[in-house]
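Work through the exercises below with the sequence and the model side by side, and try each task before reading its solution.

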Amino acid sequence: MTPQEMERRIVRYGELKPCKTAFIDAHTPGSNQKENFTIIGAGVSESPDQHIHIRETPGFNIGAAGQPPKCRNSLHSHRTAEVFFVLKGRWRFFWGRHGTAGEVVLEEGDIFNIPTGIFRGFENIGTDYGMIMAILGGDDAGGGVIWAPQVIEDARDHGLVLGKNGKLYDSKKGQSLPDGVPPMPLLTDEELKAFPEPTTLDVVPHYVGRYWDMMALADRQPARVIGAEGMLRDRPGFEVELLGRGSIPETPYTTPSHEVLMVMRGHWKLSWQGGEAVLAPGDTCAVPPGLEHALVPSMTGEASLYRVRNTDDPAGPTHKLAA
């Protein structure tokens, strides 16, 4: 693989292209400043304006959300895994039909494997622009977002209508639903009963990983974060590890899986027969299966990255909470 070929598999943080109209709440006050990024795969964006950096998926999608302070993402649900780690800022995650069942605050480096099948939202409660990185299960990221009914109703009041085809139409731009495309129906009261309302005690101990705990575990080996034997036990179709300076040898290795590297702290040198590249915080790199490569911090100081690999497990609701 040439350096040019590898560079096409790297999405640099400073080159991320945002979409400000990705979802139905793009005009709703309080949510109208958020930015959505699709890094690997098309994600769950509802907008034709969304830029996709790398279309080929390894069994999961990688995305990101960037928001200024006090901006929130509205309540929604997913059919497959949605995992976030905080790259920049301080974030509050909340869940439940009205966002009142529970909440948790995440700091930089913390990770949250949000249970499938619950309504969830998040907001930047820091003092500067914040960024959270996302892993979505499945090549199609679960096929789209399920919105809480009030989100669709609020959006309609501000000019955005979601069609049953999963596409957005903006009346402020003179758009309307095409012939034969009805609006996305609201969930009925009976359907809403299928969405659990887990408490904070139900969620935080089993689905949240704290950065410095994981860094301690990564002193001489990778910290196994999400997986069948991970600290957050789950089988969402991928596994997640956190690597620090002493986690892996400097010698080259090969894996039959797709491997996505997501840098948290420091700079990392990725080398292979044919070239090398340096990855900086916020960069994402898709290493293909079977490529022998080595990974080592390229500077002194704190160094960490999340390593994501696909597994043979099907994407889906691997953790089910009782309603």
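**Contacts of a core residue**

Leaving aside neighbours within four places in sequence, Ile135 is in contact with Phe60, Asn61, Ile62, Ala81, Glu82, Val83, Phe238, Val240, Met262 and Val308, where contact means heavy atoms within 4.5 Å. This is a predicted model, in which local features need pLDDT of at least 70 and side-chain atom pairs count only at pLDDT 80 or more, whereas totals for chains, interfaces and linings use all residues. Residues are numbered from 1 along each chain as its sequence is written, and side-chain values use heavy atoms, with hydrogens and water left out.

**Exercise 1.** Find which residues touch the most other members of the largest nonpolar core.

*Solution.* Begin with the terms: a nonpolar core is a set of buried Ala, Val, Leu, Ile, Met, Phe, Trp, Tyr and Cys residues joined through side-chain atoms within 4.5 Å, and buried means under 20% relative accessible area, exposed over 50% and partly exposed in between, with a 1.4 Å probe and protein chains only. The largest core has 34 residues, and those touching the most other members are Ile111, Ile135, Val225, Val240, Met262 and Tyr306. Next, look for a core apart from this one: another has 23 residues, including Cys19, Leu75, Val145 and Ala148. In soluble globular proteins, nonpolar side chains tend to be buried together.

**Exercise 2.** Establish the strand order of the open sheet of seven strands and identify its edges.

*Solution.* Strands (E, at least two residues) and helices (H or I, at least four) are DSSP runs numbered from the N terminus, and two strands pair if DSSP finds at least two bridges between them. The order is then β3-β2-β4-β11-β6-β9-β15, with mixed pairing. At the edges stand β3 (52-54) and β15 (208-209), each of which pairs on one side only. Moving inward, β2 (residues 35-40) and β4 (residues 60-67) run antiparallel and are joined by five bridges, and Thr38 has Gly63 as its bridge partner in β4. Towards the other edge, four bridges join the antiparallel strands β6 and β9, with Glu82 partnered by Ile114 in β9. Two bridges then connect β9 to β15, again antiparallel, and the partner of Ile111 in β15 is Gly209.

**Exercise 3.** Decide whether the two faces of strand β9 are covered or open.

*Solution.* In a regular strand the side chains alternate between the two faces of the sheet. In β9 (residues 111-114), Ile111 and Asn113 lie on one side and Phe112 and Ile114 on the other; all are buried, and both faces are covered.

**Exercise 4.** Classify the ring pair of Phe23 and Trp147, and say which parts of the chain the pair ties together.

*Solution.* A pair of aromatic rings is described by the distance of the centres and the angle of the planes. Rings of Phe, Tyr and Trp (its six-membered ring) pair if their centres lie within 6.5 Å, and planes under 30 degrees apart count as stacked, over 60 as edge-to-face and the rest as tilted. A search of the whole structure finds eleven aromatic pairs. The centres of Phe23 and Trp147 are 6.0 Å apart and the planes stand at 65°, so the pair is edge-to-face. Because Phe23 lies in the loop between β1 (10-11) and β2, and Trp147 in strand β12 (residues 146-147), the pair ties together parts that are 124 residues apart in sequence. Phe23 is buried at 9% relative accessible area, and Trp147 is buried at 5%.

**Exercise 5.** Locate the largest cavity and work out which strand gives the most to its lining.

*Solution.* On a 1 Å grid over the protein atoms alone, a cavity is a set of points where a 1.4 Å probe fits but cannot get out, and lining residues have an atom within 4 Å of a point. The search finds four cavities of 30 Å³ or more, and the largest holds about 210 Å³. Of its 22 lining residues, Phe23, Asn36, Val44, Glu82 and Leu136 lie nearest the centre. Two or more residues each come from β2, β4, β5 (72-77), β6 (82-88) and β11 (130-137), and β4 gives the most, with five.

**Exercise 6.** Compare the settings of Lys70 and Ala141: which is buried and which exposed?

*Solution.* Most residues other than glycine have a negative phi. Lys70, however, has a positive phi near 70°, and Ala141 has one of about 55°. Lys70 is in the loop between β4 and β5 and is exposed at 74% relative accessibility, whereas Ala141, in the loop between β11 and β12, is buried at 0%.

Conventions. On a 1 Å grid over the protein atoms alone, a cavity is a set of points where a 1.4 Å probe fits but cannot get out, and a pocket is an open set with protein on both sides within 12 Å along at least five of seven lines; lining residues have an atom within 4 Å of a point. Grid points are joined across faces, edges and corners, and a volume is the space filled by probe spheres set on the points.
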